[in-house]
Amino acid sequence: MRILVTGGAGFIGSYFVRRLEMSAENEILVYDNLHPQVHGNEAVPPIFGPKVEFIRGDVRDASLLRETIKRFRPNAIAHLASETGTGQSHDEISRYADVNIMGTTYLFEGIRAMGRELDWFLLTSSRAVYGEGAYINSQHRLMANVVRRLGDLEAGRFGVYDSNGLELTSIPSSSIITPTPLSVYAATKLTQEHLARSILSTSNARLLIYRFQNVFGAGQSLINPYTGVLSIFISRLLQGKPIGIYEDGEVSRDFIYVDDVVAAMIAGISRDVRPERPLDIGSGNASKIYDVAIKLARLAGYEGFDLPITGEFRPGDIRHAVADTSYSRSVLEWSPKVSLEEGLERLYVWAKDRISFPS
Ligand SMILES: NC(=O)c1ccc[n+]([C@@H]2O[C@H](COP(=O)([O-])OP(=O)(O)OC[C@H]3O[C@@H](n4cnc5c(N)ncnc54)[C@H](O)[C@@H]3O)[C@@H](O)[C@H]2O)c1
């Protein structure tokens, strides 16, 4: 296989490329602009083996992308390059659209110009496309497409309510519900999915769309302030900086360790898997961000420690996220293996060698 991986120098991408390298028959080309927000200003590409070529390139550079594809002639593509910050996407709308939407269109133009059919195309989308996700009311009726009103958030009412003001209960979301993006980031990720589906519907290529929950682990950028809540927390804890918990401390997420995410990606490309709908990839467990932050703080040596709950909120942030992974587990014959505790330990051990407490 000749596999092009955009964003292959990033957190998930570099794990994925290292797994691809293990197969003797794979040749890999990583196309990544080493985004300074993720990699810093003095960025160098990750160290890969001899079967991996690295091109420092931007997905917005249509001609470099086209030339690269024409020369390398991939028969499979994993598209991970993306702007990834939910909150930041509201301040930089056109840049997010440019990279995530236009970048994806240039990628497909490059594929068309190559004139060779792909075996598979893997897109890393996000659970963000669900917005608030699925809820039920007190009569157990499914309430999808719910939205939190700014007025409620400003008044410190952070829950998700029906039109009568009754609080709803979060349930796991999966790709059977209609997406309702509530951030610019989410809208661009859903557009990537639509583009991939519409363009590839006229080919035999297998389309694998993965909707990831919160992926974490060793190797996640410790400097990107806009994404990766656990790496932001561990980085601040190790520097002795305060961390605050947004809203009322009840916000929850589905954290999944990066090894499990990459195992799901490898499961999808290694067999003739043709999913009928996007694959939800998460642990299937909702964890309160507050509780996870306390666990991290204990690992970092803070005993008897409490965290301030700030009452702040950010545009585009959602209340609860948890995946219904039943479809992806059966289609991929995959299940996550790394517990939250084990993952946090690995993140901490890795981060403490990179960040020192100021003396
Ligand atoms: N990490 C998560 O929790 C998570 C959750 C849902 C979806 N995703 C998706 O998974 C993918 C990978 O995310 P990640 O966590 O590894 O992020 P990351 O920021 O670590 O990696 C993204 C990579 O893309 C590169 N990149 C960014 N803009 C680019 C551009 N214009 N041209 C070329 N390369 C560019 C960056 O340099 C980086 O190496 C993204 O598509 C993201 O939307 C991630």
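Which element gives the largest share of the lining of the second largest pocket? That element is α1, with 4 residues. Keep in mind as you look around that this is a predicted model.

**The second largest pocket**

Let's stay with this pocket for a moment. The volume of the second largest pocket is about 510 Å³. Two elements each give two or more residues to its lining: α1, which covers residues 11–21, and α2, which covers 36–39. In total, 21 residues line the second largest pocket. If you want to find its centre in the structure, look for Ala-9, His-39, Gly-219, Ser-221 and Trp-350, the lining residues that lie nearest to that point. Sorted by class, the lining of this pocket has 13 nonpolar residues, 6 polar ones and 2 charged ones.

**Around the ligand**

Now turn to the ligand. It is surrounded by 29 residues, and the closest are Asp-32, His-39, Leu-80, Tyr-185 and Val-215. You have already met His-39 among the residues nearest the centre of the second largest pocket. The shell around the ligand is made up of 12 nonpolar, 14 polar and 3 charged residues.

Some atoms of the ligand pair up with polar atoms of the protein. Here are three such pairs:

| Ligand atom | Protein partner | Distance |
|---|---|---|
| nitrogen | polar backbone atom of Asn-33 | 3.2 Å |
| oxygen | polar backbone atom of Leu-80 | 2.8 Å |
| oxygen | N or O atom in the side chain of Thr-124 | 2.9 Å |

How much of the ligand does the protein cover? On its own, the ligand has 820 Å² of accessible area, and the protein covers 94% of that. The elements that give two or more residues to the shell are α1, α2, β5 (120–126), α7 (184–200) and β10 (214–216). Among these, β5 provides the largest share of the shell, with 3 residues.

**A salt bridge to look for**

Side chains of opposite charge can pair when their charged atoms come close. In this model, the count comes to 19 salt bridges. One of them joins the side chains of Arg-95 and Glu-83, with 2.3 Å from N to O. Where do these two residues sit? Arg-95 is in helix α5 (residues 93–114), while Glu-83 is in the loop between β4 (76–79) and α4 (86–91), so this pair ties together parts that are 12 residues apart in sequence.

Conventions
Residues are numbered from 1 along each chain as its sequence is written. This is a predicted model: local features need pLDDT of at least 70, side-chain atom pairs count only at pLDDT 80 or more; totals for chains, interfaces and linings use all residues. Side-chain values use heavy atoms; hydrogens and water are left out. On a 1 Å grid over the protein atoms alone, a cavity is a set of points where a 1.4 Å probe fits but cannot get out, and a pocket is an open set with protein on both sides within 12 Å along at least five of seven lines; lining residues have an atom within 4 Å of a point. Grid points are joined across faces, edges and corners, and a volume is the space filled by probe spheres set on the points. Ala, Val, Leu, Ile, Met, Phe, Trp, Tyr, Cys and Pro count as nonpolar, Asp, Glu, Lys and Arg as charged, and the others, Gly among them, as polar. A residue is near a molecule or strand if one of its heavy atoms lies within 4 Å of it. A polar contact is a pair of N or O atoms within 3.5 Å; within protein, one must be able to donate a hydrogen and the other to accept it, and residues adjacent in sequence count only if both atoms are side-chain atoms. Accessible areas come from the Shrake-Rupley method with a 1.4 Å probe; for residues, only the protein chains shown count as cover. A salt bridge is a side-chain nitrogen of Lys or Arg within 4 Å of a carboxyl oxygen of Asp or Glu.
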